[in-house]
Amino acid sequence: MLIDSHCHLDFPEFHNDRGQVLERMQAAGVTHALCISVNLEEFPAVVALAETHCNLWATCGIHPDYPDVREASIRDLVEAAAHPRVIGIGETGLDYFRLQGDLAWQRSRFRTHVRAARSCAKPLIVHTRAASADTLAILREEEASECGGVMHCFTEDWDTARVCLDLGFYISFSGIVTFKSAASLREVARRVPHDRILVETDAPYLAPVPQRGKRNEPAFVTYTAAFLATLLKIEAEEFEALTTRNFERLFGVSVAAPQSGVS
Ligand SMILES: [Zn+2]
Ligand SMILES: [Zn+2]
């Protein structure tokens with residue numbers, strides 16, 4: 001039993017074969033996945049996936065790489081998050097790599113998401129790229145420790161990880177940790193407490209070795225999980241169980257309950 005804590009199954013990359021992707025996910029033992037929203041326009045499609053598949057959940061949020069979409073108010077986010085299949089707020093955060101210039105709007109959007117997450121008591125899914133200092137400052141200033149969350153597709157250094165852990169956040173590793181060039185990230189992974197680790201694909205992006213370069217899909221989270229289990233010197237089953245427990249604790253869901261079974 002393994003959970004892909006972050007994927008984008010609504011994206012056009014999956015329009016032609018989503019059913020087969022979900023079948024391969026089940027066959028690989030990836031029992032559940034969290035489908036992440038990137039803007040309000042596409043939120044209904046993400047929620048529809050979670051409504052029609054009882055092993056999928058959804059989140060609600062606006063990604064920092066989308067400058068020209070409808071902005072959400074705190075109320076918009078809280079209302080969307082009231083849906084029973086919506087278990088998190090995001091993805092949100094800061095990205096100074098993909099976009100440059102005056103990014104005050106990104107910081108403002110991020111603050112709105114933290115306030116919404118606190119207001120509805122759901123965890124944040126945080127994206128940060130080339131912006132760790134500002135990301136941490138906003139998480140602190142907005143008291144994000146009250147709602148908690150996950151630093152998704154983590155690629156920062158240990159100092160950043162430690163601050164996130166101190167704020168009560170979880171650290172999610174994607175296929176990047178399997179890349180040859182990611183030696184320093186593997187050092188971070190070794191130091192993260194086992195009760196704070198999650199795994200994800202970020203599909204359709206960032207397929208892990210040995211699928212690197214292909215379209216990623218939830219089934220491939222098994223490669224990242226197996227890689228991390230070896231890195232941490234624990235059994236694969238133990239790693240799957242602990243990341244599943246971590247996901248359940250963070251998002252307040254139970255995957256063992258009969259009503260959460262696979263349809
Ligand atoms: Zn992201
Ligand atoms: Zn994402």
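Are His6 and Asp202 buried or exposed? In this predicted model, His6 is buried, and Asp202 is buried too. Both residues take part in a metal site, and that site makes a good place to begin.

The zinc ion (ligand 2) is held by His6 through NE2, His8 through NE2, Glu91 through OE and Asp202 through OD, at 2.0 to 2.5 Å. Along the chain these donor residues follow the spacing H-x1-H-x82-E-x110-D. His6 belongs to strand E1 (residues 2–7), while Asp202 sits in the loop between strand E8 (197–199) and helix H8 (221–231), so that a pair 196 residues apart links distant parts of the chain. What is the arrangement of the four donor atoms around the zinc ion (ligand 2)? The arrangement is irregular, because the angles subtended by the four donor atoms run from 87 to 172°. For a set of four donors to count as tetrahedral, all angles would have to lie between 85 and 135 degrees, and the upper end of the range here is 172°. For comparison, the ideal angle for four tetrahedral donors at a metal is 109.5 degrees.

The zinc ion (ligand 1) comes next. Which residues are the protein donors of the zinc ion (ligand 1)? They are Glu91 (OE), His127 (ND1) and His152 (NE2), and they lie 2.0 to 2.1 Å from the ion. The sequence spacing of these donors reads E-x35-H-x24-H. Here too the chain is brought together from distant parts: Glu91 is in strand E4 and His152 is in the loop between strand E6 (149–151) and helix H6 (158–166), with their positions 61 residues apart. His152 is buried, its relative accessible area being 6%.

The two sites share a residue. Glu91 bridges the zinc ion (ligand 1) and the zinc ion (ligand 2), and the two ions lie 3.5 Å apart. With a relative accessible area of 1%, this bridging Glu91 counts as buried, since the cut-off for that class is under 20%. The backbone at Glu91 also deserves a look: the peptide bond that joins Gly90 to Glu91 is cis, with omega near 15°. Glu91 itself is found in strand E4.

Several of the metal donors turn up again at the largest pocket. This pocket has a volume of about 430 Å³. Its lining is made up of 19 residues, and those nearest the centre are Asp65, Arg98, His127, Arg129 and Asp202. Among these, His127 is a donor of the zinc ion (ligand 1), and Asp202 is a donor of the zinc ion (ligand 2). Strand E4 (86–95) and strand E5 (124–129) are the elements that give two or more residues to the lining. The greatest contribution comes from E5, which supplies three residues. By character, the lining residues divide into seven nonpolar, six polar and six charged.

Further backbone features are found away from Glu91. Most residues other than glycine have a negative phi, and most peptide bonds are trans. A cis peptide bond connects Val209 to Pro210, with omega near 10°. Pro210 is placed in the loop between E8 and H8. Positive phi values occur in Glu143 and Lys233, neither of them glycine: phi is near 55° in Glu143 and near 60° in Lys233. Glu143 lies in the loop between helix H5 (132–141) and E6, where this residue is partly exposed, with a relative accessible area of 45%. Lys233 lies in the loop between H8 and helix H9 (236–251); at 74% relative accessibility, Lys233 counts as exposed.

Finally, the cysteines can be considered. How many disulfides does the count come to? The count comes to zero. Cys35 forms no such bond because the closest cysteine sulfur, in Cys7, is 4.4 Å from its own, whereas a disulfide requires two sulfur atoms within 2.5 Å. Cys35 is buried, with a relative accessible area of 0%. For Cys147 the closest cysteine sulfur is in Cys120, at 8.1 Å, and therefore too far for a bond. Cys147 also counts as buried, at 13% relative accessibility.

Note on methods:
Residues are numbered from 1 along each chain as its sequence is written. Chains are lettered from A and ligands numbered from 1 in the order in which they are written. This is a predicted model: local features need pLDDT of at least 70, side-chain atom pairs count only at pLDDT 80 or more; totals for chains, interfaces and linings use all residues. Side-chain values use heavy atoms; hydrogens and water are left out. On a 1 Å grid over the protein atoms alone, a cavity is a set of points where a 1.4 Å probe fits but cannot get out, and a pocket is an open set with protein on both sides within 12 Å along at least five of seven lines; lining residues have an atom within 4 Å of a point. Grid points are joined across faces, edges and corners, and a volume is the space filled by probe spheres set on the points. Helices (H or I, at least four residues) and strands (E, at least two) are DSSP runs, numbered from the N terminus. Ala, Val, Leu, Ile, Met, Phe, Trp, Tyr, Cys and Pro count as nonpolar, Asp, Glu, Lys and Arg as charged, and the others, Gly among them, as polar. Donors are N, O and S atoms within 2.8 Å of the metal (3.2 Å for Na, K and Ca); water is not among the atoms, so sites may look incomplete. Buried means under 20% relative accessible area, exposed over 50%, partly exposed in between (1.4 Å probe, protein chains only). Four donors count as tetrahedral if all angles lie between 85 and 135 degrees; four count as square planar and six as octahedral if opposite donors are over 155 degrees apart and all others between 65 and 115; anything else is irregular.
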